Amino acid sequence: MSARGNILVAGKPGQGPALVLSAPISFWGGVDPKSGRIADVRHPECGQSMSGKVLFLPGTIGSSSASAVLMELVHAGHAPAALVLHEPDAILLLGLIVAREMGWETPVAVRLPREMFAAFEGRQLQVGAEGAISVSN
């Protein structure tokens, strides 16, 4: 299984297990920036860590602070290995852009149709700098 996503924010290629979220998430209050764990008790994937995972986001619940939380995840070493979004989220992605401007290594973020997310669930993945998503051996 493989796909090619559109690059939203260039970054370091990543690899890791897929974490396909079943619901949109708010990074502000919904993600612990010190651990990378989903902290929102109402979220279906509460308690799971996004740190080092290829994170598939079906959407985000808006907050202008989402970029700061993602930037904190990058700085603390708990960011996802790569982000795969159904729709671009300019505020969230701003966190990657600012982190990169600060000289921190950031994961690549790509856009992929939501209907393709399920095919990657439970698999070990590689996401290339050019947006290629493939199952690792």
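In this predicted model, ring pairs link Phe56, Phe117 and Phe120 into a cluster. Phe56 belongs to strand β4, and β4 is one of the strands in an open sheet of eight strands with mixed pairing. The points below take up the ring cluster, then the sheet, then the helix that lies across part of it, and finally the salt bridges.

**The aromatic cluster**

- A search of the whole structure finds two aromatic pairs, and one of them is the edge-to-face pair of Phe56 and Phe117, with 5.1 Å from centre to centre and 70° between the planes.
- Because Phe56 lies in strand β4 while Phe117 lies in the loop between β6 and β7 (124-127), this pair ties together parts that are 61 residues apart in sequence.
- The rings of Phe56 and Phe120 have their centres 5.7 Å apart and their planes at 20°, so this pair counts as stacked, planes under 30 degrees apart being the condition for that label.
- Phe120 also lies in the loop between β6 and β7, so its pairing with Phe56 in strand β4 joins parts that are 64 residues apart in sequence.
- As for exposure to the surroundings, Phe56 and Phe117 are both buried, and Phe120 is buried as well.

**The sheet**

- Read across the open sheet, the eight strands follow the order β1-β8-β7-β3-β4-β5-β6-β2, and their pairing is mixed.
- The edges are formed by β1 (2-4) and β2 (6-9), each of which pairs on one side only, and neighbouring strands of the sheet are turned by 30° against each other on average, direction ignored.
- At one edge, β1 pairs with strand β8 (residues 132-135) in the antiparallel sense over three bridges, and the bridge partner of Ser2 in β8 is Ser134.
- Further into the strand order, β3 runs antiparallel to β7 and is joined to it by four bridges, with Gln124 of β7 as the bridge partner of Pro17.
- Strand β3 is also joined to β4 by three bridges, here with the two strands running parallel, and Val20 stands opposite Phe56 in β4, the residue that takes part in the ring cluster described above.
- Five of the seven residues of β3 are buried, so this strand is largely enclosed by the rest of the structure.

**The helix across the sheet**

- Helix α3 (residues 90-101) lies across four strands, namely β2, β4 (54-57), β5 (82-85) and β6 (108-111), and it runs at about 70° to β2.

**The salt bridges**

- The structure holds two salt bridges, and in one of them the side chains of Lys12 and Glu105 meet at 3.4 Å, N to O.
- Lys12 sits in the loop between β2 and β3 (14-20), whereas Glu105 sits in the loop between α3 and β6, so the pair ties together parts that are 93 residues apart in sequence.
- With a relative accessible area of 43%, Lys12 is partly exposed, whereas Glu105, at 60% relative accessibility, counts as exposed.
- Arg42 forms a salt bridge with Asp40, and the closest N and O atoms of this pair are 3.2 Å apart.
- The two partners have opposite labels for exposure, since Arg42 counts as exposed at 73% relative accessibility, while Asp40 counts as buried at 15%, where buried means under 20% relative accessible area and exposed over 50%.

Definitions and conventions: Residues numbered from 1 in each chain as written. Predicted model: local features only at pLDDT ≥ 70, side-chain atom pairs only at ≥ 80, totals over all residues. Heavy atoms only, no water. Pairing = 2+ DSSP bridges. Axes fitted to C-alpha atoms, helices over the stretch in contact; angles between N-to-C directions. Contact = heavy atoms within 4.5 Å. Salt bridge = Lys/Arg side-chain N within 4 Å of Asp/Glu carboxyl O. Buried < 20%, exposed > 50% of the residue type's maximum accessible area, 1.4 Å probe, protein only. Phe/Tyr/Trp six-rings, centres within 6.5 Å; stacked < 30°, edge-to-face > 60°.
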